[in-house]
Amino acid sequence: MLLKVNGNEFGISINGIEVIKHSTENPFVFLGKGEAEYDMYRGNFKITDYLEERVALKKFEVIKNEKDVFEINLFDHEELKLTLFGKKEDGRAKIYFTSKNEIDNRIWIRVLAEEDEKVYGCGEQLSYFNLRGKNFPLWTSEPGVGRNKNTYTTWQADVKDKAGGDYYNTNYPQPTYVSTRKYYCHLESTAYLDFDFRNKKFHELQCWNIPEFILFETGETYLDIQQKLTGYFGRQPKLPEWVYNGLMLGLQGGTEVVLDKVNKALDAGIKVSSVWCQDWQGKRITSFGKRLNWNWKWSPEEYPNLDVEIKKLKERGIKFLGYINPYVIEGFDLYEEAKAEGYLATKLDGSDYTVDFGEFYCGVVDFTNPAACEWYKNVIKTNLIDFGLDGWMADFGEYLPTDCKLSNGLSAEVMHNAWPAMWAKINYEAVKEAGKLEEIVYFMRAGFTGTQKYCTLIWAGDQSVDFSLDDGLASVIPAALSVGMTGNGLSHSDIGGYTSLHGNKRNRELLLRWTEMAAFTPVMRTHEGNRPDDNYQHDGDIGAMKFFARMTDIYTSLKPYLKTLVEENANFGIPVQRPIFFHYEKDLRSYDIKYQYLLGEDLLVAPVHQEHIERWNVYLPEDKWIHLWTGEEYKGGDIEISARLGYPPVFYRKGSKWESLFKEIGAK
């Protein structure tokens, strides 16, 4: 890290890449004061800010400038406002911020940019992969229904439920991006942030408190950068061996219904690794659809003899998965116990605080209270692990309201973004303390800085059951790529989507297209959706079941290849689903491709994400590619290929050490 001063200017470079440029005419940092209002409705937020002041810190004074260490004071005219302390730590450049005025609670930091530069990451982004040209508010929330203000579905969701969302809404934001200038940047704060990539000359990173530091680290290649980034944030553990044995079959409705559907699936030739029953603890019916009873223990009424049947399923090689989230429903024993022990967040005056989750109310387990953390870990260990569950959906994490009181005394506004990573840590420690790490898998949709090392598997959240670009099948592709570049290389989605509202109903074609894509991802898992009776399901007809049988056969045949990729993610942080430019850096076209991906280095997947398609356009980087299904060879560029159902556009790299495996799969 080098600080270079020239008169009334200074620049900061990291391994020859200049990231900060400051002068009195073009300052790189601004301070201000603002007052925010947060209106939360069922996890959807309307956020407004009354900005009182924004002042450029033009004048500076260098206090220290030594090798890899510097200290700079920044002034508003003659008043000292901010001190920067830069130093190199483990090869990373960190610039720490110290504010001299407690009133200032807004900061804008400008990082140098180039006009043709591209940026990626910022957590899980479902509408855009290359983030250049847009700004991205970073606040964990419900992603919204439709996520596009120009669509009928989003308009209806906004009017009826304040839940339409927009392109930037996501369960998993993170103030970290990767630049094609060959560095990654991270801003350390859990406050509300907005990363603005619209200016040709700089990226403006806004934060609603004074961050602890900004971090830069460079790399020779994107694989090198990825390894360094995950070396800093931590890496996901390997998936359990049993995951590769087939489909996580999402079912609900009670013991008899589930067992009958499992047997029919097996009879149809569907390979089933596990049964995922989100309603194992009972259900509730609301206007939204089928919801769950959030009291985290087995419901004998809904699932009679489940304690016995789980053991029988395991004897057949089938695991059982359930569901939990970080809230407890009012009126049941876990809520009453947590309330009595002081384990729940309260109102500012100390009275009870419950959150509306859609026609039922829940308490928020206070993860800033160490005793509450231990209690909730024991809930997981006793009610889930000891009962026999081999995994679960660790849902939610986005709903911490900003007006509640927490045990640690910090503002809930600042803790809101931190909550998903704290929830991930609860699950991780419960599993690890039970001695079940890499035997149990839990999957999460919400995240923030620090989630990486505590989450065994990401899932892309609640997509609409349609072909829409921003909230349907297509959206899970940039979601996997962006969250992968933020350090979460194990990701998947609900096969067929989840949300059926405002006339959306899953049809057969959507379910099968989603299935064929999922066969070329780390994990295959179905979901019946919030309104199962409105949605086409895997057992809708014998043809659909045979389709699932073939695709699960393909997925399980990929096991040796997938296991290698998952190990690579655990050891080096290289995601299983990768952008094309990870392995073809000189291919300029590949940097803007968001609906194709490399599965490892040797498979290229171009999922069909539109309906009524017989042929599909694919872009191949320059190499020798073999079409998986026909064996035809291509050299690269734009091609049009047959894309009938069950034969998604997939290509393998000629000369791959896995070529014989791919040929075998292509013959299925």
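Accessible areas here come from the Shrake-Rupley method with a 1.4 Å probe, and for residues only the protein chains shown count as cover. On that footing, the protein chain has an accessible surface of about 24,300 Å², with 46% of it belonging to carbon and sulfur atoms.

A word on ground rules. This is a predicted model, where local features need pLDDT of at least 70 and side-chain atom pairs count only at pLDDT 80 or more, while totals for chains, interfaces and linings use all residues. Residues are numbered from 1 along each chain as its sequence is written, and side-chain values use heavy atoms, with hydrogens and water left out.

**The whole chain**

The protein chain carries 13 helices and 39 strands; helices (H or I, at least four residues) and strands (E, at least two) are DSSP runs, numbered from the N terminus. Its radius of gyration, taken over C-alpha atoms, is 25 Å, close to the 26 Å from the globule rule for 668 residues, so the chain is as compact as a globular protein of that length. That rule is 2.2 Å times the number of residues to the power 0.38. Along the principal axes, the C-alpha atoms fill a box of roughly 80 × 65 × 50 Å.

Of the 668 residues, 64% are buried, where buried means under 20% relative accessible area, exposed over 50%, and partly exposed in between (1.4 Å probe, protein chains only). Take the contacts (heavy atoms within 4.5 Å) with a separation of 6 or more: 70% of them are between residues 24 or more positions apart. As for charge, the mean positions of the 79 positive and 98 negative charges lie 4 Å apart. Lys and Arg count as positive and Asp and Glu as negative, with His and the chain ends not counted; each charge is placed at NZ of Lys, CZ of Arg, CG of Asp or CD of Glu.

**Some strand pairs**

Two strands pair if DSSP finds at least two bridges between them. Here are three such pairs:

| Pair | Sense | Bridges | Residues standing opposite |
|---|---|---|---|
| β25 and β26 (361-364) | antiparallel | 2 bridges | Val355 and Cys362 |
| β11 and β13 (173-179) | antiparallel | 4 bridges | Gly121 and Tyr177 |
| β18 and β19 (272-276) | parallel | 4 bridges | Leu249 and Val275 |

The β25-β26 pair sits in an open antiparallel sheet of 3 strands, ordered β23-β26-β25. Its edge strands, β23 (327-329) and β25 (355-356), each pair on one side only.

In a regular strand the side chains alternate between the two faces of the sheet. Strand β18 (residues 247-250) is covered on both faces: Leu247 and Leu249 on one side, and Met248 and Gly250 on the other, are all buried.

**Two residues up close**

Strand β11 (residues 119-123) is mostly covered, with 5 of its 5 residues buried. Glycine 121 belongs to β11 and has just 1% relative accessibility, so it counts as buried. Beyond its neighbours within four places in sequence, glycine 121 touches Leu131, Thr176, Ser482 and Thr486. Valine 272 is 151 residues from glycine 121 in sequence and 33 Å away in space, C-alpha to C-alpha.

Glutamate 53, in strand β5 (residues 44-56), is partly exposed at 29% relative accessible area. Outside the neighbours within four places in sequence, its contacts are Leu31, Gly32, Lys33 and Trp108. Aspartate 104 is 51 residues from glutamate 53 along the chain, with 9.0 Å between their C-alpha atoms.
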